[in-house]
Amino acid sequence: MPRRTSTSGNWIVATMTAAIVLSPGGTVYAGSATGGATEWTQLLNNGELISLVGQSGEQIRNQITQITQLAEQIQNQLKIYDNMLQNTAQLPKHIWGQVESDLNQLRDIIEQGKSISFSMGNADDVLHQRFESYADLKTNLPNAETFSSTYQAWSDTNRDTIGSTLKAASLTAEQFDTEEGTMSSLRSMSESADGQMKALQVGHQIAAQQVSQMQKLRGLVSQQMAMMGTWLQTEQTDKDLAQARRQKFFNADVSTIPSGQMMEPRW
């Protein structure tokens, strides 16, 4: 059976939240490629901030699409394992090893979603702080919420949904918070057919949840990028108008003073 490659490196590096940003001054800013979310407050200037956030929206949407597709693959694969288990007393070790790998990749997916949510919410906070025009821009979000608070709500909902699924199976979120904890829990569950069945069912439910949650996250990112595009277009229009007025003023014809006329104020 073909194996999928791990998501922990390739996709994170491909996204804006994972980018390593080299500033004009030579300072390196690391994003989640090094394990954390982008620190937007460390960017040296406003232009750098706008460029990084604005140019990377499509990259993030593509990453979320890839994550969603992987969650769907894992969901389908776990269903196959579940059907196999119903026809045998217990899954053999080499098959269970594949189950463990799939469930650990599912944990990676959850972490990547959290990282994207945190980084984009943080970017929204910093833009609000630095640009009054951005803070005043109205969005289509309900109750005049910010994208930052909406991303936080998404993250909280995702965490609570996963926690409820685990609790229903008499498991805890802490057992699946880390790779070590996940592997330890799965090893214990592999010792019986009932344990294996429980792990497969929980994994299948969480994978299905992640497909739905990642679609919602991609929608949020798309909405945020659309709003940023509107804001940047408005800003550029204002700058172009101001520049046109300056050019008109400085390029205006200057009338000469008629011969013999004194320069004096006229009231």
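Which residues of the largest nonpolar core touch the most other members? Here are some notes to help you find your way to that and a few other features.

1. **The core.** Please keep in mind that this is a predicted model. Its largest nonpolar core holds 52 residues, and the ones touching the most other members are Leu 91, Val 99, Ile 109 and Leu 186. At least two core residues come from each of helix H2 (46-55), helix H3 (57-86), H4, H6, H7 and H8. The top contributor is H8, which gives 15 residues to this core. As background, nonpolar side chains in soluble globular proteins tend to be buried together.

2. **The overall layout.** If you would like to step back, the protein chain contains 8 helices and 2 strands. Starting at the N terminus, the order of elements is α-β-β-α-α-α-α-α-α-α. There are 267 residues in the protein chain, and 41% of them are buried.

3. **Contacts and surface.** Take the contacts between residues at least 6 apart in sequence: 75% of these join residues at least 24 apart. On the outside, the protein chain exposes about 15100 Å², with carbon and sulfur atoms supplying 51% of that area.

4. **A closer look at Leu 186.** This core member is a good place to zoom in. Setting aside residues up to four places away in sequence, Leu 186 touches Trp 96, Glu 100, Leu 103, Phe 176 and Ala 199. One of these, Phe 176, also turns up among the residues nearest the centre of the largest pocket, which is the next stop.

5. **The largest pocket.** This pocket encloses about 410 Å³ of space. Its lining is made of 22 residues, and nearest its centre lie Ile 110, Ile 162, Leu 166, Phe 176 and Asp 177. By type, the lining residues are 13 nonpolar, 4 polar and 5 charged. Helix H4 (93-130), helix H6 (147-168), helix H7 (179-189) and helix H8 (193-250) each contribute at least two residues to the lining.

6. **Lys 114.** Is this residue of helix H4 buried, exposed or partly exposed? Lys 114 counts as partly exposed because its relative accessibility is 39%, and that value falls between the 20% limit for buried and the 50% limit for exposed. Apart from neighbours within four places in sequence, Lys 114 is in contact with Trp 154 and Ser 155. You can also compare Lys 114 with Arg 159: the two are 45 residues apart in sequence, while their C-alpha atoms are 9.2 Å apart in space.

Terms used:
Residues are numbered from 1 along each chain as its sequence is written. This is a predicted model: local features need pLDDT of at least 70, side-chain atom pairs count only at pLDDT 80 or more; totals for chains, interfaces and linings use all residues. Side-chain values use heavy atoms; hydrogens and water are left out. Helices (H or I, at least four residues) and strands (E, at least two) are DSSP runs, numbered from the N terminus. Buried means under 20% relative accessible area, exposed over 50%, partly exposed in between (1.4 Å probe, protein chains only). Contact means heavy atoms within 4.5 Å. Accessible areas come from the Shrake-Rupley method with a 1.4 Å probe; for residues, only the protein chains shown count as cover. On a 1 Å grid over the protein atoms alone, a cavity is a set of points where a 1.4 Å probe fits but cannot get out, and a pocket is an open set with protein on both sides within 12 Å along at least five of seven lines; lining residues have an atom within 4 Å of a point. Grid points are joined across faces, edges and corners, and a volume is the space filled by probe spheres set on the points. Ala, Val, Leu, Ile, Met, Phe, Trp, Tyr, Cys and Pro count as nonpolar, Asp, Glu, Lys and Arg as charged, and the others, Gly among them, as polar. A nonpolar core is a set of buried Ala, Val, Leu, Ile, Met, Phe, Trp, Tyr and Cys residues joined through side-chain atoms within 4.5 Å.
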